[in-house]
Amino acid sequence: VRADATAERTLTVTWRLAGAVCLGPFVLTIKPYIVYTDMRLNSVGLVEYQEDRFDIPSWDILLSAIAPFTQSLLAPAAPQVEVLRERFESERGP
């Protein structure tokens, strides 16, 4: 959805993840959530370290997949990419 230089030689990419996992006859749906990937670059511009952070706890992602009837008790799914882009553009201003 976006990429920002967040510190010297640090790039943060914000993206939306959703999907499904097939476990034999069972299909677990992974609700959409936001991922922040922080990458630290070395002196020649190559990635020397990467870490992912999520906008909701890992247990929420897992619980919503294995017990979808709990959705109303958990964090809402991330908005569509277009909505996120509009939100980020409005944060940046003119």
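This is a short walk through one predicted model, going from its first helix to its core, its ring and charge contacts, and two loop residues.

I'll start with helix 1, which covers residues 58–66. Which of its residues are buried? They are Asp60, Ile61, Ser64 and Ala65. These four span an arc of only 130 degrees around the axis, so they sit on the same side of helix 1. As background, an α-helix has 3.6 residues a turn, so residues three or four places apart point the same way. On the face turned away from the buried side, helix 1 carries Trp59, Leu62 and Ile66, which are exposed.

What do the buried residues of helix 1 pack against? The answer is strand 3, residues 26–41, and strand 4, residues 47–54. Take alanine 65 as one case. Setting aside residues up to four places away in sequence, alanine 65 touches Leu28, Thr29 and Ile30.

That brings me to the nonpolar core. The largest one has seven residues: Leu28, Ile30, Tyr33, Val35, Ile56, Ile61 and Ala65. Strand 3 and helix 1 are the elements that give two or more residues to this core. Strand 3 has the largest share, with four residues. The general background here is that in soluble globular proteins, nonpolar side chains tend to be buried together.

One member of that core, Tyr33, also takes part in a ring contact. The count of aromatic pairs in this model is one. Tyrosine 33 and phenylalanine 54 form that pair, and the arrangement is edge-to-face, with 5.3 Å centre to centre and 85 degrees between the planes. Because tyrosine 33 lies in strand 3 and phenylalanine 54 in strand 4, the pair ties together parts that are 21 residues apart in sequence. How do the two partners stand in terms of burial? Tyrosine 33 is buried, at a relative accessible area of 7%. Phenylalanine 54 is partly exposed, at 36%.

Now the charges. How many salt bridges does a search of the whole structure find? It finds five. I'll go through some of them.

Back in helix 1, aspartate 60 and lysine 31 meet through their side chains in a salt bridge, 2.6 Å from N to O. Aspartate 60 belongs to helix 1 and lysine 31 to strand 3, so this pair ties together parts that are 29 residues apart in sequence. Are these two residues buried or exposed? Both aspartate 60 and lysine 31 are buried. For aspartate 60 the relative accessibility is 3%, which is why it counts as buried when the cut-off is under 20%. Apart from neighbours within four places in sequence, aspartate 60 is in contact with Lys31, Leu74 and Ala75.

The next salt bridge joins arginine 53 and aspartate 38, whose closest N and O atoms are 2.7 Å apart. This pair links distant parts of the chain, with arginine 53 in strand 4 and aspartate 38 in strand 3, 15 residues apart. Arginine 53 is partly exposed, with a relative accessible area of 38%. Aspartate 38 is at 15% and counts as buried.

Then there is arginine 2. Its side chain meets that of aspartate 4 in a salt bridge, 2.9 Å from N to O. Arg2, Asp4 and Glu91 are linked in a network of salt bridges. The charged end of arginine 2 also sits over the ring of phenylalanine 88, 4.2 Å from the ring centre. At 23% relative accessibility, arginine 2 counts as partly exposed.

Last, two loop residues. Arginine 9 is in the loop between strand 1, residues 2–7, and strand 2, residues 10–23. Its phi is near 60 degrees, a positive value in a residue other than glycine. Arginine 9 is partly exposed, at 45% relative accessibility.

Where is leucine 74 found? It is in the loop between helix 1 and helix 2, the latter being residues 81–92. Leucine 74 counts as buried, at 13% relative accessibility. Not counting residues up to four places away in sequence, leucine 74 touches Lys31, Trp59, Asp60, Leu63 and Ser64. Leucine 74 thus touches both Lys31 and Asp60, the partners in the 2.6 Å salt bridge. The C-alpha atoms of leucine 74 and valine 47 are separated by 34 Å, and these residues are 27 apart along the chain.

How values were computed: Residues numbered from 1 in each chain as written. Predicted model: local features only at pLDDT ≥ 70, side-chain atom pairs only at ≥ 80, totals over all residues. Heavy atoms only, no water. Buried < 20%, exposed > 50% of the residue type's maximum accessible area, 1.4 Å probe, protein only. Arc of directions from axis to C-beta. Contact = heavy atoms within 4.5 Å. Phe/Tyr/Trp six-rings, centres within 6.5 Å; stacked < 30°, edge-to-face > 60°. Lys NZ or Arg CZ within 6 Å of the ring centre and 35° of its normal. Salt bridge = Lys/Arg side-chain N within 4 Å of Asp/Glu carboxyl O. Core = buried A, V, L, I, M, F, W, Y, C linked by side-chain atoms within 4.5 Å.
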